[in-house]
Amino acid sequence: MAVQAASSGPPTPAVVASRRPGTARARLRGLGPSVVLLVISIVLLYPVIDAAVGTFLTQGTGRPTLGYWRQAFAAIPVFKDMGVSALLAIVVVAFVLLVATPCGYALAKLRFRGSGVVFLVAVACMMIPIESILIPEYINFVRLGLVGTLWGTALVYIGMGIPFGVFLTTNYFRNIPDSLIEAALVDGAGNVAGFWRVMLPLARPALAIVAVMQFLGVWNDLLTALLFMPQSVQTIGVGLAGLPGTHVANTNALVAGSVLSAVPPVLVYLVFQRYLISGLTLGAEK
Amino acid sequence: MTQPFSGSSGAATFTDVAAPEDRGPAAEVQRVPRRVGARSGSSATFRRRAQTGILFALPATVLVAGIMLLPLFQAAYYSFTTWNGLTSTYVGFSSYTQLFFHTVSIGQIVENNAWVVLSIPVGLALALVAAFLTATRAVGWKLFRKLVFFPVALSWVVIGIVFGAFLAQDGGLNAVMRGSGLARLTQDWLGSPALAMPALLVTFGWAMFGINTIIFISGLATIPPDLFDAARVDGAGTFRVLLHVVLPLMRRFVGLAFVVTLISGFTGIFGLIYVMTSGGPGFSTTTLEFQVYQEAFSLGNFGTAAALGMVLFAMMVVVTGVVGVISGRSSSI
Amino acid sequence: MQVTTSIRRKGLGLGVAVMAAVLGLAACGGGGSSAAGGKTKLTLWVDGSISGSPEVPVQIKTFEKAHPGVTIQAVIKPSANYFATLQAALISGKAPDLVSLYAGSYLNTLEPYLVDLHAPGDVISNSTLNNIPDEAVWTKSGKVSSGTYAIPESEQFYNGYYNKALFARAGITSLPQTWSQLYATCPKLKAIGVTPIVYGNDGNGGEFWSLAEWSYLLAGATPASAWNGFLTGKLSYDSPAMIAQITNWAKLYTDGCTNANALTDANNQPEFEHGKAAMIIEGSWDTPVFQPYLKDNLGVFEPPYSTSGKHMIVELAGQGFGVTKSSPNKAIAEQFLASILTKSGQTALVKTGQIPIYTGYPMPPANQQLLQTAGGAGEQVYPMFDNYMQQSVTTVALKVLDQAFVGQITPTAALQQIEAALQDLPASQKSAIYPI
């Protein structure tokens, strides 16, 4: 069972390998693995489907009803709130990627004094419990006049998201051999635009994960949005939290709204999920 | 809950240079860039690289310093005072001593946090198995990869509500048990001091499973399948392949997934507790983070809350450091 | 090449999305600063949801009609983080003019930010304040003259509800007045197939909220005039009398008088509403909740948590409103508060099924019965004790009382923990502020 070095020639991820005739067959050692995946899928989805289906049934009697969904839509402007969340999330994701990716590259490849410290600080910042800094943050932002503005809220999220983005991209760039980057740079990246054109495809898995996770983080957040958003608009997270939830009947409305609210992040994930296994070989997808 | 979960980098571990066709976008020859001399390593180049490096890192550093570090130091300052938001009195370390020696059941609270940490490897092992099975391209692997994220997309509050109902006396879990002849085992899971924490941890593991699996899928994709074939040729069974070939190569990703789950275990699990058990019965599901919330927002006691927050932060840094050492990466966590 | 084009396209698409989002943010953002010429705009924060306070929009509309040029915007803040959000706003000076508040000792931390409505030169006359029942007003130390920081719009009681029809069917002809009489009702109710007393968390997650019964448990052990001893430490929570009380209370569970999942039942209210349980002990805010289901069968009773048959009922303030010190419109805000106490304001409240501050309004029979009981001869009305307990003691009590009830810990252990929490406090937090 010696671990052999990769053979010479272009690397072939499993994706490509499965195209080779005979390999696919060999990999299908019975349907055992598929059964396991199926069981796991059921465990993952059953409680959620159970609850989602429950939102269509009257509490206590089990009769089908649209009442809870109507309640949810009557209580808050569901689609408007989701629009606000989407707006916020897109801006935050864009800025986090914009700021964190070059930083990750710099920390990984461009040696400068203090780069190690910057990286450690970024990692440590990922672990700061938000509740601890939210009140001082709020006061600072009030003094800057940023509270009650969408840009202020976005700024808080961006600040909170950069450490993770830096952490991920740095690790990612560290794994890419210097020679590869040199070659790509020589070919056409003498300036900022070029840098992006080259780095973007190389860093796709990292960027994909950051984009998906950051989108989700903003989408589902409550406390920051509650404190920093203007009175006139609210995110879907805040909106759902405002649904009356003291009575069991109303919990169904909340679950209904939340299940609906989970759809956009899932869609975002579906768009990006194939980049998770992409990398230095492009186009050899699926 | 705004902190995104950390994920892996799908980096490859190539030992040779990729062929020219595999490099990035089309190699359009443009005007010769200034960096062509990079390989020569002149000191001017190093200086320029360092300058570029600082430039690239500057926006991120400035933003993080202002938005994360500054309030952290402010909170640290307040942890040495009693601060109700309006007035503050310097009290030295008394918030910390009050925390460690006078908080009711501080032992139980810390023990709960320990259980969270201990439960993480179990979840990681399951995720690794799932990722491995996906990598073998078993029938349905693409669908599985799409589905695995769905629990991740739900907010902690909703997961709490769903599982709170699922684990109730008249909930889904007990129904399943009755249906499969395990009626003797049915109970009020969240109402039992001994079982509430395990039930909570299972819920937490369920929620984090998708992320960890995705991390590992990304990681496994970087392992050349020739290794799998080579191992098989040697006569190794699947399990031994997993243990002796895959795991060592995945060490970095395991470490990454551990940190991600750890951070959520210290920060995100709050939402679950809030909705499912409010820290009870008694203190059996109260974690340090939940206690922070109660101190700060229920009691208006920001000084103590800030102190608790500092302790939480320190605990996470320490555990992460230990994990970093174990996973053998000294230069990065 | 193919790859480049597809990246370019994706890049372009992404770029467009981002641009749209950025422009969108700029368009929607930037909040609403009110200063429109001529009109005064006030903001009122409502805790929870409008459906929980349906009288507020009515009161606002009435006030706006009477005061043209003034608009009040009611802003709902989710209950879950109401206090946190409010405190953050107060700290930063971005607080609303009016805030809704619920009774509780947490209000003591808000005191520095709220206007004293009893101060001289104040819009609300002192005679008006003096006419509000003592328990209902939120004051600095139990007396209106010591500083009044919020006025209530409604009164509440902690009480039990029972299903009259089920009691009749079970052959229970009089309300239980002592522990033993309460135990005696259980077999009769179980015989007709219903849960005697249902406990649960009202769908709120966590365990059932025991503070509604706490004052009654204390009252059965010692008279309210002595309760200051519980605040100063002179009286011990783990005295034999208290241990006996909690033991009697836990006997309800062991006797099978309650549902087995008393700690976490999320359906306790629906079970009562649909006649599956005969009794439930919560508070008068539930009257509008239960009334539509039980209609004329809705009865009220005082938890008979004593061996001697003492008559006691616990009263508390309902939702109240205060004016923040940072408000630029204090006078008008106070006028709004005053309007809540007028006939129209109180009528709007009564329509929602709550109990008004003043008498003389038509009410659902259940609420009427509560007021009658409270006014009855030999009846003692106590303010809720948990309003005055120190917060850290309350937190412990909330956790251990449930456990003692279902037998997870002994009554002695539970009371010892509460006592320990009290002893742990510094002397500055042990003041005798209970007003009886």
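This note covers chains B and C and the nonpolar cores of a predicted model.

1. Ground rules. Local features need pLDDT of at least 70, side-chain atom pairs count only at pLDDT 80 or more, and totals for chains, interfaces and linings use all residues. Residues are numbered from 1 along each chain as its sequence is written, chains are lettered from A in the order in which they are written, and side-chain values use heavy atoms, without hydrogens and water.

2. Chain B. Chain B has 14 helices and two strands (DSSP runs: helices H or I, at least four residues; strands E, at least two; numbered from the N terminus). Of its 333 residues, 57% are buried (under 20% relative accessible area, 1.4 Å probe, protein chains only).

3. Chain C. Here there are 16 helices and twelve strands. Buried residues are 56% of the 436 in chain C. Contacts (heavy atoms within 4.5 Å) between residues at least 6 apart in chain C join residues at least 24 apart in 76% of cases.

4. Largest core. The largest nonpolar core (buried Ala, Val, Leu, Ile, Met, Phe, Trp, Tyr and Cys residues joined through side-chain atoms within 4.5 Å) has 207 residues. B:Phe149, B:Phe216 and C:Leu110 touch the most other members. Helix α5 (residues 78-109) of chain A gives the most to this core, 16 residues. Domain 1 (2-44) and domain 2 (69-284) of chain A both contribute residues, so the core lies between them (bounds from an automatic or database domain assignment).

5. B:Phe149. Beyond its neighbours within four places in sequence, B:Phe149 contacts A:Val212, A:Met213, A:Leu216, A:Pro265, A:Val266, A:Tyr269 and B:Ile214.

6. Second core. A separate core has 82 residues, including C:Val194, C:Leu217, C:Phe272 and C:Tyr305.

Notes: Buried means under 20% relative accessible area, exposed over 50%, partly exposed in between (1.4 Å probe, protein chains only).
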